[in-house]
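Biologist: I've got a model open and I'd like to learn how to read helix packing and buried residues. Can you walk me through it?

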Amino acid sequence: MTEQTRSGFVTFVGRPNVGKSTLTNALVGEKIAITSEKPQTTRRAIRGIVNRPQGQLVIVDTPGIHKPRTLLGERLNDLVDQVLGDVDVIGFCVPATEKVGPGDRRIAASLDGYPRAKKVAIVTKTDAAGRDDITERLLEVDALREDWAAVVPLSALTRDQLEVLADELLSLMPKGPPLYEEGITTDESQEDRIAEMIREAALEGVRDELPHSIAVIIDEVSRRDDSELTDVHAQIVVERDSQKAIIIGHKGKRLRDVGARARGGIEELLGTRVFLGLHVKVAKEWQRDPKQLGRLGF
């Protein structure tokens, strides 16, 4: 990279489940943020780093903006607000498969509160929509604000127009050297990434009310002296005994399935075979308890 390169921070906003984490992973080229059909699965500001010859994008993947019902929800919204105040570019995401609604309009209007950042509109999930729907969505999105620096339709799944977006975002970044060394794709710690893989596996197939109640604590990650095996011990934290029963399942079958789903990604991350020990713990109403939120890292 030369001195003429550009580098800076971008975040994607939009209603829950419009494809922000999928887009982050596609741009970075590896799985940084968990994805789920359940809304509100991103819990932290996760940085993914995109290196291109012309510069570096640091993507801050944030929780979706939503009406908070718990202290956790309020803290997640505060986190989004803090990120939006610091980034160079905000990408506003709307899926091609759904008409622009009141939630989209509210979020688009709220971007007035972040005058420092340039704004880009992104129509996601074009692989799942027809040409007429995509055209209609582009017109709807374009009409939401007068200051879009660009409006880009794309599919993170098929990577269609992904490089167009990367080039557009880089052109809007300030000139300067890379913020991270080349080769680094995230500043997430290994333990945080493992915890997210376990949480993603635990989210699969659970009832609508349960995803928000699931947190993961890593107790241990240690390589065995006498073998090519790494021991990973973790707690899956829920709020009620009934939720614990759902996670464990009949005779422990569901918990074993969670372990099997998570283990593959963890082994890929660590580069060794993994013994994964999972324990389910109840922490009553942790989403509303400041002390418990602090212990869980929120």
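Modeller: Sure, and keep in mind that this is a predicted model. Start with the axes: each one is a line fitted to C-alpha atoms, for helices over the stretch in contact, and angles run from 0 to 180 degrees between N-to-C directions.

Biologist: What describes two packed helices?

Modeller: The angle between their axes and the distance between the axes. Here, take α6 (residues 190-203) and α8 (residues 253-270): they pack at about 145 degrees, and their axes are 8 Å apart. Their crossing is right-handed.

Biologist: Which residues of α6 and α8 make the contact?

Modeller: On α6, they include Arg-193, Ile-194, Met-197 and Ile-198; on α8, Val-258, Arg-261, Ala-262 and Ile-266 are among them. Sorted by class, the contact has 10 nonpolar, two polar and three charged residues.

Biologist: Now burial. Is Val-18 buried or exposed?

Modeller: Buried means under 20% relative accessible area. Val-18 has 1% relative accessibility, so it counts as buried. You'll find Val-18 in the loop between β1 (6-13) and α1 (20-28).

Biologist: What does Val-18 touch, leaving out residues up to four places away in sequence?

Modeller: Cys-93, Pro-95, Thr-124 and Lys-125. Thr-124 is 106 residues from Val-18 along the chain, yet their C-alpha atoms are separated by 7.1 Å.

Biologist: And Asp-231, buried or exposed?

Modeller: Asp-231 counts as buried because its relative accessibility is 12%. Asp-231 sits in strand β8 (residues 229-238).

Biologist: Which side chain makes a polar contact with the side chain of Asp-231?

Modeller: That of Arg-224, at 2.9 Å. Beyond four places in sequence, Asp-231 also touches residues including Glu-220, Val-221 and Phe-275.

Terms used: Residues are numbered from 1 along each chain as its sequence is written. This is a predicted model: local features need pLDDT of at least 70, side-chain atom pairs count only at pLDDT 80 or more; totals for chains, interfaces and linings use all residues. Side-chain values use heavy atoms; hydrogens and water are left out. Helices (H or I, at least four residues) and strands (E, at least two) are DSSP runs, numbered from the N terminus. A crossing is left-handed if the near helix is turned anticlockwise from the far one by less than a right angle, and right-handed if clockwise. Contact means heavy atoms within 4.5 Å. Ala, Val, Leu, Ile, Met, Phe, Trp, Tyr, Cys and Pro count as nonpolar, Asp, Glu, Lys and Arg as charged, and the others, Gly among them, as polar. Buried means under 20% relative accessible area, exposed over 50%, partly exposed in between (1.4 Å probe, protein chains only). A polar contact is a pair of N or O atoms within 3.5 Å; within protein, one must be able to donate a hydrogen and the other to accept it, and residues adjacent in sequence count only if both atoms are side-chain atoms.
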